[in-house]
Amino acid sequence: MSEKPNKKNAIGFPPPLLGDAPYRMSVLAETADWLALEKPAGVGVRAYPWDDEPDLDSALNTQLQAGKPELLRREAALFGSVYYLDPVISGIAVFAKNREALADLRNRFGSGECRFRFQFVAAALPIVEPAFQADAPLLPHNVKPKMIPSTAKGKKAFTDFKRIAESAKGWALWEASVDFFRPHQVRAHAAVNELPVLGDSVYGGPVAPTQRELHPKKQRAGVNLPSFHGLALHLCEVELLPGNADATIHCAPPKHLRLLLRRMGLGD
């Protein structure tokens, strides 16, 4: 049975482990073999050539080796990320707690046996179907830190998209589901299909509207400032073992993204 999150069940990361700011991340679920953390945007999961951000693999193992009590009590021999997640994406990060579990979970991920569900905001476009599958093969750009579609040299990639809400303010909330994903896959596939994610400067995403654009009648300080900063893309569900409720992890969008959805008329 997985351990459910609560306010006290969290792991701290003092500076400079993840940069200049301290972090305290909630434990979303935990078993004897793995740990799931609520990762904020701006934090890496593992070292990757495209990323400059400090990563959680290193930060967790540094503290484990230093004997931090809140990690020692989890009886982990090590911490190893099961999959790579772009630092700019918020949501679920899963770490194996021993070598056997790491090999098994990474094999499951690489074999497409896991399930992942993302949510993101894009401009509302009537020309886009409400549900479709993107299947453009993806290839890392030879200079820029991004993926490009390439039928000649790209590797297979599949993403299922479904529009789950649309507002009169010109914005839409989408769901992207995958059973295996490459770096930047959801972002690249969204852009290829004319749905670049809000705030995604790498793939031509729209900038966030100002407060005044979302609420023209409101008169208050800051109405001309952007209503959101960052990438409006969140990993909200991971099924490590599809069909097994104890291996299914959920994570609500962060507070600032939930506020944006409400202001756009896309959420409660």
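In strand β11 (residues 171–178), Ser-177 is the bridge partner of Arg-117, and Ser-177 is likewise the bridge partner of Asp-160. The model is predicted, so local features are restricted to pLDDT of at least 70 and side-chain atom pairs to pLDDT 80 or more, whereas totals for chains, interfaces and linings use all residues. Residues are numbered from 1 along each chain as its sequence is written, and side-chain values use heavy atoms, with hydrogens and water left out.

Strands β6 and β11 pair in the antiparallel sense over eight bridges; two strands are taken to pair if DSSP finds at least two bridges between them. Strands (E, at least two residues) and helices (H or I, at least four residues) are DSSP runs, numbered from the N terminus. Strand β11 also runs antiparallel to β10, to which six bridges join it. Within this pairing, Glu-166 has Ala-172 in β11 as its bridge partner. The two strands β10 and β11 form a hairpin with four residues between them, and in the turn Gly-170 has a positive phi of about 90°. Strand β10 (residues 159–166) pairs in addition with β7 (residues 131–134), in the antiparallel sense and over four bridges. In that pairing, Ala-134 stands opposite Thr-159 of β10. Strand β11 is largely enclosed by the rest of the structure, because seven of its eight residues are buried. Buried denotes under 20% relative accessible area, exposed over 50%, and partly exposed the range in between (1.4 Å probe, protein chains only).

Thr-248 is located in strand β13 (residues 248–250). The residue is buried, with a relative accessible area of 15%. Its side chain reaches the backbone oxygen of Asn-244 at 3.0 Å; a polar contact is a pair of N or O atoms within 3.5 Å, where within protein one must be able to donate a hydrogen and the other to accept it, and where residues adjacent in sequence count only if both atoms are side-chain atoms. When residues up to four places away in sequence are not counted, Thr-248 touches Glu-237, Val-238 and Glu-239, contact meaning heavy atoms within 4.5 Å.

Internal space was evaluated on a 1 Å grid over the protein atoms alone: a cavity is a set of points where a 1.4 Å probe fits but cannot get out, a pocket is an open set with protein on both sides within 12 Å along at least five of seven lines, and lining residues have an atom within 4 Å of a point. Grid points are joined across faces, edges and corners, and a volume is the space filled by probe spheres set on the points. By this rule there are two cavities of 30 Å³ or more. The largest cavity holds about 60 Å³ of space, and its lining includes Tyr-84, Phe-118, Phe-181, Arg-182 and His-184. This lining divides into seven nonpolar, two polar and two charged residues, where Ala, Val, Leu, Ile, Met, Phe, Trp, Tyr, Cys and Pro count as nonpolar, Asp, Glu, Lys and Arg as charged, and the others, Gly among them, as polar.

The second largest cavity holds about 40 Å³ and is lined by Gln-119, Phe-120, Val-121, Leu-173, Ala-232, Pro-253, Leu-257 and Leu-261. The elements giving two or more residues to this lining are β6 (115–123) and α6 (255–264), and β6 gives the most, with three residues. By class, the lining of the second largest cavity comprises seven nonpolar residues, one polar and no charged.

Among the pockets, the largest has a volume of about 240 Å³. It is lined by 16 residues, of which Glu-53, Val-88, His-184, Arg-187 and Val-202 are the closest to its centre. Six of the lining residues are nonpolar, four polar and six charged. The second largest pocket has a volume of about 180 Å³, and of its 13 lining residues the closest to its centre are Arg-24, Met-25, Glu-38, Lys-39 and Pro-40. Strands β2 (23–30), β3 (34–39) and β5 (90–96) each supply at least two residues of this lining, with β2 giving the most, at four residues. The lining of the second largest pocket has five nonpolar, five polar and three charged residues.
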